[in-house]
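Trainee: Could you please give me a close look at a single part of this model? I should like to understand its pockets and the elements around them.

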Amino acid sequence: MVRGIALLCTVLLAAVTAGCGLQSSSGAVLKADPGSIGYYESLDGVPITVAAKDFTEQLILGNMLATVLATAGAEVTNMSNTPGSFGVREALLQGRADIAPEYTGTGWINYLGNDEPIKDEVEQWSAVKHADAVNGLTWLPPAPLNNTYAFAIRESEAERLGVTKMSDLHRLDRRDLTFCVESEFVNRNDGLVPMLAAYDLSRAALDRVTVLDTGVIYTATANGECNFGEVFSTDGRIPALGLRVLDDDREFFPKYNMTEVVDTGLLEAHPEIAEIFAQLNPLITNEVMLALNAKVDNDGADPALVARDWLIEQGLVR
């Protein structure tokens, strides 16, 4: 009977019940046993608050960080599902959070106010790390995961047109150059018009540009309402809808590599935190994140369970 209640508590992470005493999956900390990431006596009982934003990928990443740190010995508070980028940023700056998964491009452009992204991903990380140091925040070495803008096309049409990369577009017939984009992308300095110029195209060369809400673009592209839809490169709807992401072979789009942003004082007191995430980050690729996001967005799985299951599969925890 006790085992059955424990199982019920695990499954019903979204419920707040007197019997289980659990909050939503964004507030729970799913602990595990040490795997390749071990237990650290130096972290035993150290209070660490993890914050993450309120969309699927961030919920998964925030729960990964919370589980890994709890397994390593820390006393973790999980503030995943914090509304908006600036909600997480303010929590870090005000000391209400100690660590968060973040993207280098977001730090450089949105938080630090730079207009021009840096094309090289290592240089972009180095620049944001240096600039944010004055705010008492340290950006750890990033993962391969680069959740940036991209264009996708349904697989059947990609085969018909013979396109795999963005530079293939300039040879297409004008009638095939139909685009679905969100309104913000039309006006960004890393958006539609500069992107077209980078690939030897112009707005006049396109047959049609349809402006849609972000979520609608995926289904519109899959349904053939346009050939090329603006997407985010790790969105779980890409594989679910049978879309192919075109290679940005001229590296136009900014780099949005994910890494942990850590309170510098905490990191100086506990440098083992960097050691822990040096084991995790190299494993988080676009392909991995696409699959994990799809489990939540398409299959309805809980982000906390998806995060812990993947950590177990990788042997990082048990």
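Mentor: Helices (DSSP runs of H or I, at least four residues) and strands (runs of E, at least two) are numbered from the N terminus. The model is predicted, so that local features need pLDDT of at least 70 and side-chain atom pairs 80 or more, while totals for chains, interfaces and linings use all residues. Residues are counted from 1 along each chain as its sequence is written, and side-chain values rest on heavy atoms, without hydrogens or water.

We may begin with the second largest pocket, where α13 contributes the most to the lining, giving 3 residues. A pocket is an open set of points on a 1 Å grid where a 1.4 Å probe fits, with protein on both sides within 12 Å along at least five of seven lines, and its lining residues have an atom within 4 Å of a point. The volume of this pocket, the space filled by the probe spheres, is about 350 Å³. Its lining numbers 16 residues, and Ser233, Val245, Leu246, Asp247 and Asn286 are those nearest its centre. Two elements, β5 (149-154) and α13, each supply two or more residues to that lining. Domain 1 (39-144 + 258-312) and domain 2 (149-244) both contribute to the lining, so the second largest pocket lies between them; these bounds come from an automatic or database assignment.

The largest pocket holds about 690 Å³ of space. It is lined by 31 residues, with Phe55, Thr106, Tyr149, Phe232 and Tyr256 closest to its centre. The elements giving two or more residues to this lining are α2 (56-71), α3 (85-93), α4 (104-111), α9 (214-222) and, once again, α13 (286-297). Here the largest share, 3 residues, belongs to α4. The largest pocket likewise lies between domain 1 and domain 2, because both give residues to its lining.

Finally, consider how some of these helices meet their neighbours. The axes of α13 and α14 (residues 303-313), lines fitted to C-alpha atoms with angles from 0 to 180 degrees between N-to-C directions, come within 9 Å and cross at roughly 140 degrees. This makes α13 oblique to α14, a word for angles outside the ranges under 35, 65 to 115 and over 145 degrees. As for α2, its axis and that of α12 (residues 272-280) come within 11 Å and cross at roughly 125 degrees. The helix α2 is therefore oblique to α12.
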